[in-house]
Amino acid sequence: MTYVRKFSLSTQDKQEFKRLDSYLNVALEESGVSEGMMFVYCPHTTAGITINENADPDVKIDLGRALDETFPNHAYFVHMEGNSDGHMKASLMGASESLIIHDGKVVFGTWQSVYFTEFDGPRQRTFYVKVMAG
Amino acid sequence: MTYVRKFSLSTQDKQEFKRLDSYLNVALEESGVSEGMMFVYCPHTTAGITINENADPDVKIDLGRALDETFPNHAYFVHMEGNSDGHMKASLMGASESLIIHDGKVVFGTWQSVYFTEFDGPRQRTFYVKVMAG
Amino acid sequence: MTYVRKFSLSTQDKQEFKRLDSYLNVALEESGVSEGMMFVYCPHTTAGITINENADPDVKIDLGRALDETFPNHAYFVHMEGNSDGHMKASLMGASESLIIHDGKVVFGTWQSVYFTEFDGPRQRTFYVKVMAG
């Protein structure tokens, strides 16, 4: 048994936190795995994957603004595409998350969801979900 | 063979780096795995898991102060709970660490330990350790 | 079948992004795994592993400068070795990356490569690659 799937999504804003719950549920069900690990991987260099609060949407607003102010598009950047701020945010946020599967469910805290984090949108994007039993 | 365990701990300060060595040793022994991977996962959205120096306690003091100054609790934050700085630090520090098990031991560098990083304490907290053979 | 290997490299600068493609290719081939996961792990506390752009070298220049300005070697740091900025960057960049192996290849986006990120060089350094089938 081996399970890996590529998913597609589109982002609407320059910076965006897109919740992945429904995609991960599909992957969990398709894989048929009840004990193991799920890996969510972003194949882009100006986007990432993170875990954060899913209840109050104000958290995403605060995170977005703090990211923009802490990691701005500096005047000294030389990369011609003009998106080095996105590359910076991507490396700090990280390209993947590793999730535990137990008793047929992904182990999450009450307030946790996984987000695709767009840092140079809007764009068509993809991400991968790999599930391993064990 | 499948091994996953939930551990509990309590934090004493608003921000705290709590060393997890003894918990990970328990998990390694209970799992009986000598070649594989160990995943340490934090189910909270204002806390995380990181790896850093275990020798000089001054490193934790420096990290704590630099985190507070770089990612403060901005006046513009709108999240009602008032802990958006903790959410920001949590996403940047990351919710998990992936460790290699080889020859019956977790592979660490000389100065490395795994820490539970509290960013909105003091609180009762939990974390999970999953071990996979292979 | 179990595969883990320790690699050595030397860094030339205080801060440096060292591309790991050739090492990962060796590990993939030696492991013989065509479906599974590859974990790249840094056993140092002033260095890390990240994924970012491999095409325009200006991205590394921009990342390096932004990291230095955002996470400087603060005058208030008390750690005697004087490299707390490196410890800070290491925890934020992260000690490992988790990569999906599918159809005999590591799954990467077009512009992605894995980098060893030196934050307190030049030094002799090591890193580990673990491959699991599944």
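Let me start with one serine: leaving aside residues up to four places away in sequence, A:S31 touches A:M1, A:Y3 and A:V131. Before I go further, please keep in mind that this is a predicted model, and that every value I mention is computed from it.

Staying with that serine for a moment, A:S31 lies in helix α1 of chain A, and at 8% relative accessibility A:S31 counts as buried, because the cut-off for that word is under 20%. The side chain of A:S31 also reaches back to the main chain, coming to 3.2 Å from the backbone nitrogen of A:V33.

Helix α1 brings me to the salt bridges. In general, side chains of opposite charge can pair when their charged atoms come close. Over all chains, the structure holds 24 salt bridges, and I will take a few of them in turn.

In chain A, the side chains of A:R5 and A:E30 meet in a salt bridge, with 2.7 Å from N to O. This pair links distant parts of the chain, since A:R5 sits in strand β1, residues 3-10, while A:E30 sits in helix α1, residues 21-31, and the two are 25 residues apart. As for their surroundings, A:R5 counts as partly exposed at 32% relative accessibility, and A:E30 counts as partly exposed at 43%.

Now consider another pair in chain A, where A:R125 forms a salt bridge with A:E118 and the closest N and O atoms are 2.8 Å apart. Are these two residues buried or exposed? A:R125 counts as buried, at 3% relative accessibility, and A:E118 counts as buried as well, at 0%.

Moving to chain B, the side chains of B:D120 and B:K14 meet in a salt bridge at 3.6 Å, N to O. Where do these two residues lie in chain B? B:D120 lies in the loop between β7 (112-118) and β8 (124-133), and B:K14 lies in the loop between β1 (3-10) and β2 (16-19), so the pair ties together parts that are 106 residues apart in sequence. B:D120 is buried, with a relative accessible area of 14%, whereas B:K14, at 44% relative accessibility, counts as partly exposed. Going back to chain A, we find A:K14, A:D120 and A:R123 linked in a network of salt bridges.

Let me turn from single chains to the way the chains meet, and begin with a histidine in chain A. A:H87 has its place in helix α3, residues 84-93 of chain A, and A:H87 is buried, with a relative accessible area of 1%. Which residues does A:H87 touch, not counting those up to four places away in sequence? In its own chain they are A:T45, A:T46 and A:H79, and from chain C they are C:N52, C:E53, C:V59 and C:L63. With the side chain of C:N52, the side chain of A:H87 makes a polar contact at 2.9 Å.

That histidine leads us to the interface between chain C and chain A, where the contact takes 35 residues from chain C and 29 residues from chain A. The area buried between the two chains is about 2700 Å², and carbon and sulfur atoms give 64% of that. In chain C, the residues that lose the most area to chain A are C:D62, C:I100 and C:Q112, which together account for 20% of what that side buries.

How many salt bridges does the rule find across this interface? The rule finds zero salt bridges between chain C and chain A, but 13 residue pairs in polar contact, both residues at pLDDT 80 or more. On the side of chain C that touches chain A, the elements giving two or more residues include β3 (36-41), β4 (47-53) and α2 (58-70). Of these, α2(C) gives the most, with 10 residues. By class, that side has 18 nonpolar, nine polar and eight charged residues.

Finally, a word on symmetry. Two copies of a chain are related by a rotation about an axis and a shift along it. Here, chain C is superposed on chain B by a rotation of 120° with 0.0 Å of shift along the axis, at an RMSD of 0.0 Å, and that is the relation of a three-fold axis. Among the residues of chain C, the one that comes closest to the rotation axis is C:L92, at 3.5 Å for its C-alpha.

Key
Residues are numbered from 1 along each chain as its sequence is written. Chains are lettered from A and ligands numbered from 1 in the order in which they are written. This is a predicted model: local features need pLDDT of at least 70, side-chain atom pairs count only at pLDDT 80 or more; totals for chains, interfaces and linings use all residues. Side-chain values use heavy atoms; hydrogens and water are left out. Helices (H or I, at least four residues) and strands (E, at least two) are DSSP runs, numbered from the N terminus. Buried means under 20% relative accessible area, exposed over 50%, partly exposed in between (1.4 Å probe, protein chains only). A polar contact is a pair of N or O atoms within 3.5 Å; within protein, one must be able to donate a hydrogen and the other to accept it, and residues adjacent in sequence count only if both atoms are side-chain atoms. Contact means heavy atoms within 4.5 Å. Buried area is the accessible area (1.4 Å probe) that two parts lose on being put together, summed over both. A salt bridge is a side-chain nitrogen of Lys or Arg within 4 Å of a carboxyl oxygen of Asp or Glu. Ala, Val, Leu, Ile, Met, Phe, Trp, Tyr, Cys and Pro count as nonpolar, Asp, Glu, Lys and Arg as charged, and the others, Gly among them, as polar. Copies are superposed by least squares on the C-alpha atoms of residues with pLDDT of at least 70 in both.
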